[in-house]
2 protein chains.
Amino acid sequence: MTTTDRGELRRLPERGTREWETIREILDAGTMASVGFSVDGQPLVIPMLYGRHDQNLILHGASASRIANTLAGGAPVCATVTHVDGLVLARSAFHHSMNYRSVVMFGTARVIEEPRRKIEALRILSEHILPGRWADVRGPTKQELAITLVLEMPIDEATAKVRSGPPNDDEADYARRCWAGVLPLSVRAGDPIADARLPPDIKVPAYMTQP
Amino acid sequence: MTTTDRGELRRLPERGTREWETIREILDAGTMASVGFSVDGQPLVIPMLYGRHDQNLILHGASASRIANTLAGGAPVCATVTHVDGLVLARSAFHHSMNYRSVVMFGTARVIEEPRRKIEALRILSEHILPGRWADVRGPTKQELAITLVLEMPIDEATAKVRSGPPNDDEADYARRCWAGVLPLSVRAGDPIADARLPPDIKVPAYMTQP
């Protein structure tokens, strides 16, 4: 990865890092990226599922879609992944904040054409979202592959930002009679909902109930 | 709101709507938007807290920040809010999907300068994130207001996309001996964590424990 002005940590640099381990952990904890690019000068930000292969983002879409084709055409991309970890409730409005982890990535996507590499990229994407799932399901047919555009985007540059911990109030405000602290937020899985046509003897697989 | 090609529902139009009620509900269920704009042709996507006032998005940032100033300068903006509601687990890799609700919005931000309107916009933002909080906390000082840039972005155009419900498998795949259905995902609040310096007799306020 390179370092340019794009990802410069101008605001609150103490919250930012370019360290790959931190970036990798944040990426591996998520499923959806907000993928931004320009079409005729108009920015577009689209939520897309993603996978990660080394320092590459794997994306996919319908071959016929404008989005996938704009990305395939080599448009500069900024993709952002954000986890909201909590509301930080300070004694002053000003010091309210969020606990979060985010990665802002820059790169340019390229199309994966070769069928075996394409299937492998889809497997990586699937395993990123739900490890263990791929082995259970019917793999893609030739026709399904043909109407799916699979993209890899080498992460040329990335910046992570993390805020955690309690509020930082002004000293004078600590005397205020107002609750202060953190309201933790997290994404949780509920009970699996079986498809109406699922035979009742097919049980929920272990990979869905592990954390 | 207007209707242009920017928000055109080319892919899976049955999942999309421009109906304001749906858009409003999705916006009111979230706290973070992925805000996209271009700087010298390079797209940037930044997670930002938001509030909503009628058909305006309220954003804020440090007066000195590049992001806030680029937005204040009238750059075309695309802001996206996404809620992930579940993994849709089909019998084929191809028909895997996500249940989600998203809004893609277009507009141009303008600075709110007048101090009373600025405070009111910050109140709206705060109440959007945690209704009831604003009345408890110390309001912004002149100095705090001066170093905060508050922006409103009229939503010129917006598109919501919603997917819900079970997987849609190919008829032949229903015979496959593979679990299928939905793994629901949602953002949940954990137990509030009191600040270390909070007097023990200050209890968690009701607005934090209501859903």
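# Notes on a predicted two-chain model

1. D54(A) counts as exposed because 8 C-beta neighbours lie inside 10 Å, and the cut-off for that class is 12 or fewer. The model is a predicted one, and this residue is a convenient place to begin reading it. D54(A) sits in the loop that leads from β4 (51–53) to β5 (56–62) of chain A, and its phi is positive, about 50°, although the residue is not a glycine. Most residues other than glycine have a negative phi, so a reader checking the backbone may want to look at this loop.

2. Chain B offers a second case of this kind, at D40(B), where phi is near 50°, a positive value in a residue other than glycine. The loop in question runs between β2 (32–39) and β3 (42–49) of chain B. Is D40(B) buried or exposed? D40(B) is exposed, since 6 other C-beta atoms are found within 10 Å.

3. For an overall view of chain A, the reader may start from its 5 helices and 12 strands, and from a C-alpha trace that spans about 65 × 50 × 30 Å along the principal axes. Of the 211 residues in chain A, 36% are buried. Among the contacts in chain A with a separation of 6 or more, 75% are between residues 24 or more positions apart.

4. The loop of D54(A) follows a strand, β4, that belongs to an open sheet of 4 strands in chain A, ordered β4-β5-β9-β8 and paired in the antiparallel sense. Why is one side of β4 and of β8 (110–111) in chain A left without a neighbour in the sheet? These two strands stand at the edges and each has a single partner strand, so the other side of each is unpaired. Between β4(A) and β5(A) there are 3 bridges, with the strands running antiparallel, and in this pairing H53(A) stands opposite N56(A) of β5(A).

5. In chain B, too, there is an open antiparallel sheet of 4 strands with the order β4-β5-β9-β8. Its edges are formed by β4 (51–53) and β8 (110–111) of chain B, each of which pairs on one side only. Strand β4(B) is joined to β5 (residues 56–62) of chain B by 3 bridges, in an antiparallel arrangement, and R52(B) has L57(B) as its bridge partner in β5(B).

6. Strand β10 (residues 157–163) of chain B takes part in another set of pairings. Strand β1 (residues 16–17) of chain B is linked to β10(B) by 2 antiparallel bridges, and here the partner of G16(B) is K161(B). Strand β7(B) also pairs with β10(B), again in the antiparallel sense, over 7 bridges, with V104(B) standing opposite T159(B).

7. In helix α1 (residues 20–28) of chain A, the buried residues are I23(A), I26(A) and L27(A). Because the arc they cover around the axis is only 100°, they lie on the same side of α1(A). The cover over these buried residues includes β4, β6 (76–89), β7 (97–108) and β10 (157–163) of chain A, whereas the face of α1(A) turned away from the buried side carries the exposed residues E21(A) and D28(A).

8. The contact between the chains takes 79 residues from chain B and 79 residues from chain A. On the side of chain B that touches chain A, the elements giving two or more residues are β2, β3, β6 (76–89), β7 (97–108), α3 (115–129), β11 (181–189) and β12 (193–194) of chain B. By class, this side of chain B consists of 48 nonpolar, 16 polar and 15 charged residues. Strand pairing also crosses from one chain to the other: strand β12 (residues 193–194) of chain A is joined to β11(B) by 2 bridges and runs antiparallel to it, and the partner of I193(A) in β11(B) is V182(B).

9. How are the two copies related? A rotation of 180°, with 0.0 Å of shift along its axis, superposes chain B on chain A with an RMSD of 0.0 Å, which is the relation of a two-fold axis. The same surface serves both copies, given that 100% of the contact residues of chain B recur in chain A. Among the residues of chain B, V187(B) is the one that comes closest to the rotation axis, with its C-alpha at 2.1 Å.

Methods
Residues are numbered from 1 along each chain as its sequence is written. Chains are lettered from A and ligands numbered from 1 in the order in which they are written. This is a predicted model: local features need pLDDT of at least 70, side-chain atom pairs count only at pLDDT 80 or more; totals for chains, interfaces and linings use all residues. A residue is buried if 20 or more other C-beta atoms lie within 10 Å of its own, exposed if 12 or fewer, and partly exposed in between; C-beta atoms are placed from the backbone. Two residues are in contact if their C-beta atoms, placed from the backbone, lie within 7 Å. Two strands pair if DSSP finds at least two bridges between them. Ala, Val, Leu, Ile, Met, Phe, Trp, Tyr, Cys and Pro count as nonpolar, Asp, Glu, Lys and Arg as charged, and the others, Gly among them, as polar. Copies are superposed by least squares on the C-alpha atoms of residues with pLDDT of at least 70 in both. The arc is that of the directions from the helix axis to the C-beta atoms.
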